[in-house]
Amino acid sequence: MHTGTALDLFQSYRQEINSYDETIGPDGRVKPHWQTLFASLERLGIKELEVRNQEIINRLRENGVTYNIYDSSDGLNRPWQLDPIPFLIEQKEWDHISRGLKQRALVLDLMLKDIYGPQKLVKDDILPPELVFDNTGFCRPCFDIKIPSQNQLILYAADMARGPDGRMWLVDNRTQVPSGAGYTLENRRIMSKLLPELTEGMFVNRLSPFFNHFSQTVAGFANRGKENPNIVYLTPGSNNETYFEHAYLASYLGYTLAQGDDLLVRNGYVWLKSIDGLERVDVIVRRVDDDWCDPLELREDSRLGVPGLLHVIRSGNVTVLNPPGASVLENSAFLAFMNITCRYFLGEELIMPSIATWWCGQPKERNFVLANLHRLIIKKANRKQKFRSMYGRLLTNEQLSDLRNAILQNPHEYVAQEEVSLSTTPSLIDGKIEPRLASLRAFLVSDGNDYQVMQGGLTRSSAEKDRYIISNQYGGISKDTWIVSDTMPEVKTKIIVPKSLPVIHHTSLPSRTAENLFWVGRYSERTMALTKFLTIVINALNENVAFRGSYKSEYIDILLQSITHLTFTYPGFTDEKNEEIRENPYVEIIELIRNAQKSGSVASHLGSFLMAVISVSDKWNNDTRRIINLIENSQKKVVNADIQNPNGFQKVLDKLHIRLFTFYGIISESMPRDNGYYLLEAGKLVERVLSRISIIRSFFSFKNDENIESELIEALLTNQHLLVHYRQIYKTSFNLEATLDMVLLDNKLPYSLVYQLDMLSNCLSQLPKNAQSDRLNQAEKAVLEASAKIKLADISKLSACQPSTLFREKLDGLLSEVTDLISSVTLSLTHLYFMHTVIQNVLLEGTDNNDIHEV
């Protein structure tokens, strides 16, 4: 390990330190591994560090790493924040911390089993009964909930901070649905790619062994005689604050990401509603809080859980990690009783101390708290009660009096903790390295008998100097945590392959995910179609300013009316009495670009596309996430487009169009040809057929002057990406019959109607069939009929019109019929694959599931 001379950069940092700091050892000297890190930072330089920091910000945004800050204007897309300076802990110290964490996890596990079992802790006066039975985390229906494991607390996270004595103190327990492990992994991946120089001179432990252990633990619960277990990662949905992590870990671990409505209980088992039918679930890794897990026995207004889930757990027919009821351990008041509980169960003292805590439900402790209110931190014992921690030293006399009265009225609801001077750690703040208070969340997983500690964790530092506010909800900044040593750590096998690995040809696709993928295709194509056509219209408007003529004006009128038909934003340009919109069409066009509240606008379509994309985040690889991020950037530019500059918002549309094309390209090149892919493609093709037909009907249902018709043909061919191809073949002026033959019947052209219908038919044929029949379903029949009508069409008859009305009845009638048929495909697919509500008329009867085929 490098231990060079004192560094200028560190000396500058040291002048900012005004409390105990992570970089300084008990002897007052800089710790060797921190000295090594500062040597690397010195070589890198502050300017380059700022450049790398901006790259980190960009990469996090590109990868879609977000944390929802509910009160933030950034809303659901608030970017995750990562400090480029890691948090370092030396291996020997970490080994000691790990022993303390394992001991703590074991004590909490014994507490969990006792609270929902013999309750000796209460009977023997170790725990006050109020802390158990008035605990908002205590779920009486979970009294007999057990999973097939010696340890019931499988996943555990502990928040720690270094106290003034130089030891790590435990600040809080996370036992219900511990979050942060996914963010920890993403932090490490980004740091290893963008700041590899910082590891020079020291060895950093890897995180992958923890996740391998996690995966093997979950698989162990599932592999009870099953070759292909079904493991579900249960999320509350895309509005949840840590949804990114849910999708990220589900994808990383290979689990099916599902919401409560994607699951149902039938015949004593939990089933996943997939487009293949009902699939039995073996293990659920949940991120839904206890109260919301089962509306039958817990919170009845929950739409996030699975009705009947507790019964299936009791029956041993599904394993849920952590089992419902584990939130009882998150009561802050338990910290005051951990020492005595550890002695009670293990006959030993805690290796890692808890931060000093007093529960106000005891007279002696309450009197102490009231006498020292001005120097303590006051919290609610139950985390579920909305109450932000209050720092006594920051309160006025009146506020202290109000708080004192509140404690006296309901003393058992309050706990007080000592406000100690916690350690600071180096952080990059506005181009300068400054000390910030920090806290570390460590993660543990049990294989059923013993706990393994992640060799790292999620460190969060305060955004404000000298303020211990590290929660991401209030602006905390994350840091990668390095467990370092001067010797190569033991390398563990990353992947353990079973002796007999079954060949699996598909993965489960929940019906909700299937529907969202279908609408990703529809909304992306809807946005593409509109941006392309608006660009054509804006170009025509610009030309009409320079080359004004009577037929040009009529041509423009048809183009503008076609926009309204395409977007269904009636009356729009079809209102012949509205002279203002005809005199200045840009007013309506700008609305159709920018106004997200206007159904049919580019902004509205794009917003719907991004919502659908976020809902299936686990389906996208890193390249796809990056282009999605660029499309999000285009969304902001669309909404804020310069209304005074037609060329400006035309450039915005062009860039958006190119990025959507890139999205298509990445999907086409990288997405597995599974049910999800074919549904996304089906959605795209349905929308493409309907939008192209809309424009053809708007242009040619009525015969126009030859000059106008020639302009319309050119616009149509441009919209279909066929203008160059047409000129290469015909080398003459535009002809309607030749154009219709090309855009309707040429099966070698990707944008021809017959090609799109054939591709749509192929996509639908790849989707699951009813187990009782292999015949065509209604969607396939509709597409086949539409394709046949197009292929049997006589182009010369389609081009002909009635002399008196100039109406092309054959063309308009054919396209109207095809529109109706293709429009019916969405409804048919909904009935076949997208139904999320299944009547649970069998919850407890038997286990025979031979009659279960499809939803």
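Helices here are DSSP runs of H or I with at least four residues, strands are E runs with at least two, and both are numbered from the N terminus. With that naming in hand, we can start at D125, which sits in the loop between α5 (120-123) and α6 (130-133). Its backbone is worth a look: phi of D125 is near 60°, a positive value in a residue that is not glycine.

Before we go further, keep in mind that this is a predicted model. The mean pLDDT of the protein is 89, and 91% of its residues reach 70 or more. Two stretches call for care. Residues 1-6 stay under 50 in pLDDT, and the model gives them 17 contacts beyond four places in sequence. Residues 837-855 also have pLDDT below 50, with 46 contacts in the model beyond near neighbours in sequence. Where pLDDT is low, the predicted coordinates should not be read in detail.

Back to the backbone, where two cis peptide bonds deserve a visit. One joins L321 and N322, with omega about -15°. You will find N322 in the loop that runs between β11 (319-321) and α11 (338-346). Another cis bond links Y570 to P571, and here omega is about 5°. P571 belongs to the loop between α15 (550-567) and α16 (579-583).

Next, let us stop at W358, a residue of strand β12 (residues 357-359). Leaving aside residues up to four places away in sequence, W358 touches E365, F368, V369 and L376, and also Y414, V415, A416, Q417 and E418. For a sense of scale, M671 lies 313 residues from W358 in sequence, and their C-alpha atoms are 55 Å apart in space.

Now for the spaces inside. How many cavities of 30 Å³ or more does a search of the whole structure find? There are 8 of them, and the largest holds about 220 Å³ of space. This largest cavity is lined by 23 residues, of which L155, P178, A181, F214 and L249 are the closest to its centre. Several elements each supply at least two residues of the lining: the strands β2 (155-162), β10 (283-286) and β17 (432-446), together with the helices α7 (181-194), α8 (208-222) and α9 (243-253). Sorted by class, the lining has 15 nonpolar, 5 polar and 3 charged residues.

Our last stop is a pair of helices. Two packed helices are described by the angle between their axes and the distance between the axes. For α22 (residues 706-719) and α23 (residues 723-730), the axes come within 7 Å and cross at roughly 120°. Angles of 65 to 115 degrees count as roughly perpendicular and those over 145 as roughly antiparallel, so α22 and α23 are oblique to each other. On the α22 side the contact is made by E714, L717 and T718, and on the α23 side by L723, Y726 and R727. These contact residues divide into 3 nonpolar, 1 polar and 2 charged.

Conventions: Residues are numbered from 1 along each chain as its sequence is written. This is a predicted model: local features need pLDDT of at least 70, side-chain atom pairs count only at pLDDT 80 or more; totals for chains, interfaces and linings use all residues. Side-chain values use heavy atoms; hydrogens and water are left out. Axes are lines fitted to C-alpha atoms, for helices over the stretch in contact, and angles run from 0 to 180 degrees between N-to-C directions. Angles under 35 degrees count as roughly parallel, over 145 as roughly antiparallel, 65 to 115 as roughly perpendicular and the rest as oblique. Contact means heavy atoms within 4.5 Å. Ala, Val, Leu, Ile, Met, Phe, Trp, Tyr, Cys and Pro count as nonpolar, Asp, Glu, Lys and Arg as charged, and the others, Gly among them, as polar. On a 1 Å grid over the protein atoms alone, a cavity is a set of points where a 1.4 Å probe fits but cannot get out, and a pocket is an open set with protein on both sides within 12 Å along at least five of seven lines; lining residues have an atom within 4 Å of a point. Grid points are joined across faces, edges and corners, and a volume is the space filled by probe spheres set on the points. pLDDT is the predictor's confidence in each residue, from 0 to 100.
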